[in-house]
Amino acid sequence: MRTTTGWRAAGPTALRRVSIERRDLRPDDIAVRVDYCGVCHTDLHALNAYDQHADAFLVPGHEFTGVVAEIGREVTAFSVGDHVAVGNIVDSCGVCAMCEAGQENFCHAFPTLTYGGTDRQDGSATLGGYSREYVVRDAFAYPLPSGLDPAAAAPLMCAGVTVWEPLRSLGVGPGSRVAVAGLGGLGHLAVKMAVALGATTTVISRSRDKRDDARKLGAHDFIASTDPQQMAAARDTFDVVIDTVSAPHDLAPYLKLVAMDGTLSLLGHLGPVTVEAMDLLIGRKRLSSAGSGGRGATAEMLRFCADNGIAADIEVLPSSQVDTALDRLRRNDVRYRFVLDLSDLSDPSDLG
């Protein structure tokens, strides 16, 4: 086994620095020195649900970038010293219809998650990227394009691909009219990507003070969701509404904004929802969702972001301040993504 250092859950509101074990490299594995790891709302949910008395312990983190420290004997796509990115999926069955279609994120046998998952070969619990080293199958690591800043690119591996998948599958491009509801970790990347794809892009937010932020991100217009007149004026306007609001909320006002044959895509709140059939019927409107992305889409997203200068707006903190980052994230005190700098943990390699 390999030994590294990481941040283990010590309850729903705290983590502690511990030594953790990684598997010895299999033939198709690479060991990644983790340099930067994004802090996601999923991490909060996992910590809140964590049982301190469980047999497996929890190390969060599923969007990270780093440098290849070692490769397995069959690895040909990477060399030691390469810059790479890893997202929230680190394996899949590879043989189901979804995997064969390049949608490993929808694997019928369920994809292996970067943390809180179960390794498909030895049954061990996966431990995440709040650590100085991660061992991963080479097929689920991605070359990090040289044009992307490693810290700002880390959130692309979860938040970025989560919004990229529906934008691409719904055919967003020049001439499309897109609205993004919610301007947080997901929403700000959805705005940047939609604009770069050529769409006329509008931000919808409860907070009027985000109007200037929306403009800086490239949005063409802004609607305050608390203003009935603005919402009424935008009825039947948008081909695609990307809903990134993380709390439970009424979908009816957003469905009213969708144009005929358009789509409301739910990405933020993934719990139960209630929809009136008439809100879909009038205008032949569609309700959809998406989550993460397959290997092909993830690689495509990274190339697109590099070509178009897209990365997350981030605040970088040393990993020793992980509790601070999580507490501030609970209070939505970040614009728009925290990223942990893992260099304050012991370095398992000597790559420099």
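**Entry 1: residues with positive phi**

I began with D261, which counts as partly exposed at 30% relative accessibility, in a model that is predicted. The label follows because buried means under 20% and exposed means over 50%. I found D261 in strand 14, which spans residues 258-266. Its phi is positive, about 65 degrees, although D261 is not a glycine.

I then looked up S292, where phi is near 55 degrees, again a positive value in a residue other than glycine. S292 lies in the loop between strand 15 and helix 10. With 9% relative accessibility, S292 counts as buried.

**Entry 2: the parallel sheet**

I traced an open sheet of six strands in the order 12-11-10-13-14-15, with parallel pairing. Its edge strands are strand 12 (221-224) and strand 15 (286-289), each of which pairs on one side only. On average, neighbouring strands of this sheet are turned by 20 degrees against each other, direction ignored.

I noted one pairing in detail: strand 10 (residues 177-181) and strand 11 (residues 200-205) are joined in the parallel sense over five bridges. Opposite A181 stands I204 of strand 11. I recorded as background that strands of a sheet pair through backbone hydrogen bonds, either parallel or antiparallel.

**Entry 3: the hairpin of strands 1 and 2**

Here I met the antiparallel sense, in which strand 1 and strand 2 pair over eight bridges. A9 has L15 of strand 2 as its bridge partner. The two strands form a hairpin with five residues between them, and G11 in the turn has a positive phi of about 135 degrees. Strand 1 is largely enclosed by the rest of the structure, because six of its eight residues are buried.

**Entry 4: helix 11 and what follows it**

Which residues of helix 11 are buried? For this helix, residues 322-330, I listed V322, A325, L326, R328 and L329. They lie on the same side of helix 11, because they cover an arc of only 165 degrees around the axis. A general rule helps here: an α-helix has 3.6 residues a turn, so residues three or four places apart point the same way.

I next asked what covers the buried residues of helix 11. The cover includes strand 1 (2-9), strand 2 (15-22), strand 3 (29-39), helix 1 (41-49), strand 16 (314-318) and strand 17 (337-341). Both strands of the hairpin in the previous entry are thus among the elements listed.

Just after helix 11, I found N332 with a positive phi of about 55 degrees. The peptide bond from R335 to Y336 is cis, with omega near 5 degrees. Y336 belongs to the loop between helix 11 and strand 17.

**Entry 5: aromatic rings**

I counted two aromatic pairs. In one of them, the ring centres of F64 and Y134 are 5.3 Å apart and the planes stand at 50 degrees, so the pair is tilted. F64 lies in strand 4 (residues 64-71) and Y134 in strand 8 (residues 133-137), so this pair ties together parts that are 70 residues apart in sequence. F64 is buried with a relative accessible area of 0%, and Y134 counts as buried at 3%.

The rings of W164 and F304 have centres 4.7 Å apart and planes at 40 degrees, so this pair is tilted. W164 lies in helix 4 (residues 159-169) and F304 in helix 10 (residues 295-308), so the pair ties together parts that are 140 residues apart in sequence. Both W164 and F304 are buried.

Finally, I noted R295 over the face of F140, at 5.6 Å from the ring centre.

How values were computed: Residues numbered from 1 in each chain as written. Predicted model: local features only at pLDDT ≥ 70, side-chain atom pairs only at ≥ 80, totals over all residues. Heavy atoms only, no water. Buried < 20%, exposed > 50% of the residue type's maximum accessible area, 1.4 Å probe, protein only. Helix = DSSP H or I, 4+ residues; strand = E, 2+ residues; numbered from the N terminus. Arc of directions from axis to C-beta. Contact = heavy atoms within 4.5 Å. Pairing = 2+ DSSP bridges. Axes fitted to C-alpha atoms, helices over the stretch in contact; angles between N-to-C directions. Phe/Tyr/Trp six-rings, centres within 6.5 Å; stacked < 30°, edge-to-face > 60°. Lys NZ or Arg CZ within 6 Å of the ring centre and 35° of its normal.
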